[in-house]
Amino acid sequence: MSSQIILEANQIGISYRQRSGLLRYERFWGLKDVSFSLHAGETLGVIGGNGAGKSTLLRMIAGIIAPDRGHLWRAPNMTASLLALNAGLKPELSGRENAIISGLLLGLGHREITDLLGEIRDFSGLNEFFERPVGTYSTGMRARLGFAVAIHADPDVLLIDEVLGVGDHNFKTKSHAAIKEKIHSNKTVVLVSHSMDAIRKLSDRVLWIEQGKSIVCDEKNYVIDGYFESIRLAVRADTQQQKDAVDTQVIE
């Protein structure tokens with residue numbers, strides 16, 4: 001990991017409009033107050049509970065959505081691709097056609113993606129299904145196609161959103177090896193996963209966010225140990241609360 005910062009977020013907030021009545025809408029803040037920096041060549045793990053805002057964070061880094069408040073700086077001409085499975089696949093189109101569209105969305109040129117189609121087909125293991133409509137695929141086959149396309153893109157920053165468990169055992173082995181190769185080739189990676197084992201093994205630093213707010217961004221073991229301690233304390237508090245409620249009922 002180098003000391004060069006290629007992206008810096010300061011008190012970022014991102015909101016969505018959601019319906020709260022027949023003609024009423026209200027703002028839901030997917031991110032409320034998030035600050036962190038991203039260094040060239042590092043793997044930054046992102047952890048937090050369900051609904052913490054991890055996927056929203058990746059969409060922001062990819063440039064899919066922009067902050068509503070706070071300040072976001074990124075290095076000039078920096079490219080980032082989001083490796084999220086099944087994103088944007090068209091069921092009426094073949095695997096080949098979807099691979100081309102997905103590659104273009106990930107920032108590849110038309111010539112680049114067409115030159116990679118053979119490698120994508122081989123990596124996915126779809127064989128003759130590569131030429132069939134994606135609507136005929138199983139969930140696992142869709143995931144394999146999405147992963148095969150995304151892993152062959154070569155952005156400055158690779159954004160990985162919960163894809164470490166994709167496919168059968170053989171494909172999991174292949175996909176893990178491909179991700180590790182990216183990480184160990186000085187590629188900048190942002191990794192979202194509920195697997196603390198994967199985060200601990202693969203990350204240099206870890207960003208912990210909860211309820212749309214950054215708790216800490218620091219050395220991986222320090223952050224992960226703090227995260228587990230917070231869960232332990234929350235479970236203890238919940239257990240004590242339930243015990244107190246039972247004791248109150250007995251007294252009454």
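**Figure 1. Helix H4 and its surroundings in a predicted model.** Eleven of the 14 residues of helix H4 are buried, so this helix is largely enclosed by the rest of the structure; here buried means under 20% relative accessible area, exposed means over 50%, and partly exposed lies in between, with a 1.4 Å probe and protein chains only. Helices (H or I, at least four residues) and strands (E, at least two) are DSSP runs, numbered from the N terminus. Among the buried residues of H4 are Met-141, Leu-145, Phe-147, Val-149 and Ile-151, and Arg-144 and His-152 also belong to this buried set. The buried residues of H4 pack against strand E5 (80-83), H2, H3, strand E6 (157-161) and helix H5 (169-183), where contact means heavy atoms within 4.5 Å. From its first C-alpha to its last, H4 reaches 20 Å, close to the 20 Å expected at 1.5 Å a residue, the expected span being 1.5 Å times one less than the number of residues.

Because the model is predicted, local features need pLDDT of at least 70 and side-chain atom pairs count only at pLDDT 80 or more, whereas totals for chains, interfaces and linings use all residues. Residues are numbered from 1 along each chain as its sequence is written, and side-chain values use heavy atoms, with hydrogens and water left out.

**Figure 2. A salt bridge between Arg-96 and Glu-131.** Side chains of opposite charge can pair when their charged atoms come close. A salt bridge is a side-chain nitrogen of Lys or Arg within 4 Å of a carboxyl oxygen of Asp or Glu, and by this rule the count comes to seven salt bridges. In the pair shown, the closest N and O atoms of Arg-96 and Glu-131 are 2.8 Å apart. The pair links distant parts of the chain, 35 residues apart, with Arg-96 in helix H2 (residues 95-105) and Glu-131 in the loop between helix H3 (110-124) and helix H4 (139-152). Arg-96 counts as partly exposed because its relative accessibility is 31%, and Glu-131 counts as partly exposed at 38%. Together with Arg-121, these two residues are linked in a network of salt bridges.

**Figure 3. Salt bridges within helices H3 and H7.** In H3, the side chains of Arg-111 and Asp-115 meet in a salt bridge at 3.3 Å, N to O. These residues are four residues apart, and therefore Arg-111 and Asp-115 are separated by about one helical turn; both Arg-111 and Asp-115 are exposed. In H7, the salt bridge joins the side chains of Glu-229 and Arg-232 at 2.4 Å, N to O. Glu-229 and Arg-232 are three residues apart, so about one helical turn separates them. Glu-229 is partly exposed, with a relative accessible area of 32%, and Arg-232 is partly exposed at 39%.

**Figure 4. Gln-11 in strand E1 and the residues that it touches.** Gln-11 has its place in strand E1 (residues 5-19) and counts as partly exposed, because its relative accessibility is 48%. Leaving aside residues up to four places away in sequence, Gln-11 touches Asp-33, Val-34, Ser-35, Arg-69 and Gly-70. Although Gln-11 and Ser-35 are 24 residues apart along the chain, their C-alpha atoms are separated by 5.1 Å.
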